[in-house]
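Student: Could you take me through one part of this structure slowly? I would like to see how the helices pack, and then visit some residues around them.

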Amino acid sequence: MFGTKLNVQTIEALDAELNEAILNGKGLEAFESHYAEDVVMQENDAPPTIGKSANRIREQEFFGAITDFRGAEVLATGSGENVTFSHWSFDFTHRDWGVRQYRQVAVRTWKDGKIVREVFHYG
């Protein structure tokens with residue numbers, strides 16, 4: 001279903017590389033290198049966004065609307081068979097949403113070294 005089973009250490013390293021890029025303001029660059037062409041991304045129970053092109057636009061709009069970035073931190077990570085989990089803390093101001101301070105869990109499913117599905121869980 002998810003292609004070749006990746007070594008847990010491999011996806012842990014890829015996940016850590018992606019998280020580090022996000023923390024260093026290189027989220028869009030990491031999107032290009034870490035996500036599959038057919039990636040499906042979803043916010044909570046919202047309808048998923050399908051395909052790299054559609055998700056690229058969504059990511060560009062999100063990052064482009066941040067007017068003040070005060071910080072982010074990876075609080076915890078975990079991994080299993082072709083899946084990684086990252087628990088985040090964010091603090092930023094968004095042009096449309098205002099001040100946002102919240103925690104989020106990103107669940108990433110991997111296939112052949114790329115993310116094929118990512119779901120963000122937050123309240």
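Tutor: Here is a walk through the helix packing, followed by a look at single residues. Keep in mind that this is a predicted model.

Start with two helices. A packed pair is described by the angle between the axes and the distance between them. Helix H1 covers residues 8-23, and its axis lies 8 Å from that of H2. The two pack at an angle of about 155°. H1 is therefore roughly antiparallel to H2, since the angle is over 145 degrees. Their crossing is right-handed. Which residues of H1 and H2 make the contact? From H1 come Leu 14, Glu 17, Leu 18, Ala 21 and Ile 22. From H2 come Gly 27, Ala 30 and His 34. Sort the residues of this contact by type, and you get 5 nonpolar, 2 polar and 1 charged.

Now turn to the other partner of H2. Helix H2 spans residues 27-34, and helix H3 spans residues 52-64. Their axes come within 10 Å and cross at roughly 170°. So H2 is roughly antiparallel to H3. H2 passes H3 in a right-handed crossing. On the H2 side, the contact uses Gly 27, Leu 28, Phe 31 and Glu 32. On the H3 side, it uses Lys 52, Asn 55, Arg 56, Glu 59, Gln 60 and Phe 63. The tally for this contact of H2 with H3 is 3 nonpolar, 3 polar and 4 charged.

Stay on H3 for a moment. Arg 58 sits in this helix. Is Arg 58 buried or exposed? Its relative accessibility is 19%, so Arg 58 counts as buried; the cut-off for buried is under 20%. What does Arg 58 touch beyond its neighbours within four places in sequence? Its contacts there are Met 41, Glu 43, Thr 49 and Phe 120. With Glu 43 there is also a polar contact, side chain to side chain, at 3.4 Å.

Next, the strands. Glu 37 belongs to strand S1, residues 35-43. Glu 37 is exposed because its relative accessible area is 57%, and exposed means over 50%. Setting aside neighbours within four places in sequence, Glu 37 is in contact with Gly 51 and Lys 52. Lys 52 also appears on the H3 side of the contact with H2. Glu 17, named above in the contact of H1 with H2, gives a distance to compare. Glu 17 and Glu 37 are 20 residues apart along the chain, and their C-alpha atoms are separated by 19 Å.

Compare that with another Glu. Glu 118 has its place in strand S6, residues 114-122. At 1% relative accessibility, Glu 118 counts as buried. Leave out residues up to four places away in sequence, and Glu 118 touches Tyr 35, Val 40, Met 41, Gln 42, Ala 106, Val 107 and Arg 108. Met 41 is one of the residues in contact with Arg 58 as well.

Strand S3, residues 66-80, holds Arg 70. Arg 70 counts as partly exposed, at 36% relative accessibility. Beyond its neighbours within four places in sequence, Arg 70 is in contact with Asp 91, Phe 92, Thr 93, Val 99 and Arg 100. Which side chains join that of Arg 70 in a polar contact of 2.8 Å? One is the side chain of Asp 91, at 2.8 Å. Another is the side chain of Thr 93, also at 2.8 Å. Leu 14, which takes part in the contact of H1 with H2, lies 25 Å from Arg 70, C-alpha to C-alpha. Along the sequence, Arg 70 and Leu 14 are 56 residues apart.

Finish in the loops. Asn 44 is found in the loop between S1 and strand S2. Its phi is near 45°, a positive value in a residue other than glycine. Asn 44 counts as partly exposed, at 24% relative accessibility. Asp 112 lies in another loop, between strand S5 and S6. Its phi is near 55°, again a positive value in a residue other than glycine. With a relative accessible area of 48%, Asp 112 is partly exposed.

Conventions:
Residues numbered from 1 in each chain as written. Predicted model: local features only at pLDDT ≥ 70, side-chain atom pairs only at ≥ 80, totals over all residues. Heavy atoms only, no water. Axes fitted to C-alpha atoms, helices over the stretch in contact; angles between N-to-C directions. Helix = DSSP H or I, 4+ residues; strand = E, 2+ residues; numbered from the N terminus. Parallel < 35°, antiparallel > 145°, perpendicular 65-115°, else oblique. Left-handed = near helix turned anticlockwise from the far one by under 90°. Contact = heavy atoms within 4.5 Å. Nonpolar A, V, L, I, M, F, W, Y, C, P; charged D, E, K, R; others polar. Buried < 20%, exposed > 50% of the residue type's maximum accessible area, 1.4 Å probe, protein only. Polar contact = N/O pair within 3.5 Å; in protein donor to acceptor, adjacent residues only side chain to side chain.
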